[in-house]
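Dear colleague,

I am passing on the structure we spoke about, and my notes on it come after it. Please read them with the coordinates open beside you.

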Amino acid sequence: MIDETLLDDSERLLRADTRGLLRGAATAGAQVRTAARAATEAGIDGLRPEGRPGTILLAGTGPEVPLAADLLTALPASASRPEATGGSAPLTVLPATGPLAAPGALRWTLPRWAGPMDLLLITSAEGTEAGLPLLVDAAYRRGCSIVSVTPAGSPLAEATAHRRNLTVPLARPAHLEPAGHHPPAFGPYWSLLTPLLLLGDRLGLYEGAGQTEVAALADRLDRHAERCGPTAPTAGNPGKALAAECAAALPLLWSEGPLAGAVARHCAATFTALAGTPALAAALPAALTAHGALLTRTTHTSEDDFFRDRVDEPEAPRPRVLLLREDAAAVPADSAVTAARDLARDHGVALGEIAPAEDAEGPLAALADLLAPLDFTAVYLTLA
């Protein structure tokens, strides 16, 4: 359970937020603008690609790596490449290995087939992981193109520049500098994602993520910060309302479409890692069978074990379905969305839906509408 009285007391919320989580979530728009400006100054707009990469290799640490991988494959393919299936060239995430989940112990290994046709993207909020400069050296010897997003002057930035490849300096807004050993909310993931979005658009991997769309994304994130911020009451605040609904539940994040699926997986991981609230993500229609047993359990009675001892028996969290959709248009009766609604209703399971607003134009606007409220939900679950 959470202290719901805390949600409507902005002063107590801010006092409880010793890690700057609310500030990090509320300044997502500022992160996008600052990162876009840094990417422009680094020369992304001046790139002259000679064809799309054979394969994109993605490496780094933090929650932005799986989110970036999902987004790079979920964004719509460029109209100039109608033969493409999905949003980008084939993408491979390079997993970190090592005895400990500590920066100094992590190592990344290139696939045997990596070569001159491939592009290596590296993101690091610190740039001090010893294994990343080693990865840069290995990729350079194979002839791979390399782009790193990392703080200027870090070992990773210097290794990339030394090999005459592109470094985009990680640009945090000044008020988002971490205090001591506590990072801001979720790490500066918008600062790390934005250059990758712009780069993919510039390389023609997908469309709808150029400078104009990124600027509109920042404005849209600002509007969500106003709606979901600590001073907005719970009744009209999607972030606080979802936190109250999910506090004693098992959130099941079901998604329709690749972009919604990327958001669902990211938010399920954030709920678990940041707030300690277990959550599961699955895409429709597979979610109906993958999580169907969880819904079925809520309708079972225990008459066959009527005399069991119920003293101090903990109550299992009831599932709550959050259905993420990429558009708010009406759905046909034979769709997976309709089946999901029916399944939840039949088992008495609460179901809420999150979809882009009617004025959302393009994939980045839809991304903001799906992701921003859930980021705030994770923060409120953590604080309350």
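Below is what was found, starting with the whole chain and then going through each sheet and the cysteines.

Please keep in mind that this is a predicted model. The protein has 384 residues, of which 51% count as buried, and its secondary structure consists of 15 helices and 9 strands. The accessible surface comes to about 17400 Å², with 55% of that area belonging to carbon and sulfur atoms. If one takes the contacts between residues at least 6 apart in sequence, 74% of them join residues at least 24 apart.

The strands β1 to β5 are found in an open sheet, in the order β2-β1-β3-β4-β5 and with parallel pairing. Its edges are formed by β2 (91-93) and β5 (166-169), and because each has a single partner strand, one side of each is left without a neighbour in the sheet. Neighbouring strands here are turned by 15 degrees against each other on average, direction ignored. Strand β4, which covers residues 145-150, pairs with β5 in the parallel sense over 4 bridges, and within this pairing V147 stands opposite L166 in β5. Helix α7 (residues 155-162) packs on this sheet, where it touches β3 (119-123), β4 and β5, and its direction makes about 155 degrees with that of β4.

A further open sheet is formed by 4 strands in the order β7-β6-β8-β9, again with parallel pairing. At its edges stand β7 (280-283) and β9 (351-354), each with a single partner strand, so one side of each has no neighbour in the sheet. The twist from one strand to the next averages 25 degrees. Strand β6 (residues 249-256) runs parallel to β7 and is joined to it by 4 bridges, with S255 standing opposite A283 in β7. Two helices should be looked at together with these strands: helix α10 (residues 238-246) lies across β6, β8 (318-325) and β9 and runs at about 145 degrees to β8, while helix α15 (residues 363-383) lies across β6, β8 and β9 at about 150 degrees to β8.

Since you may be handling this protein at the bench, how many disulfides does the model contain? The count comes to 0 disulfides, a disulfide being a covalent bond between the sulfur atoms of two cysteines. As for individual cysteines, C144 counts as buried because its relative accessibility is 5%, below the 20% cut-off for that class, and C228 is likewise buried, with a relative accessible area of 0%.

With best wishes

Notes:
Residues numbered from 1 in each chain as written. Predicted model: local features only at pLDDT ≥ 70, side-chain atom pairs only at ≥ 80, totals over all residues. Heavy atoms only, no water. Buried < 20%, exposed > 50% of the residue type's maximum accessible area, 1.4 Å probe, protein only. Contact = heavy atoms within 4.5 Å. Areas by Shrake-Rupley, 256 points an atom, 1.4 Å probe, with all protein chains shown as cover. Pairing = 2+ DSSP bridges. Axes fitted to C-alpha atoms, helices over the stretch in contact; angles between N-to-C directions. Disulfide = S-S within 2.5 Å.
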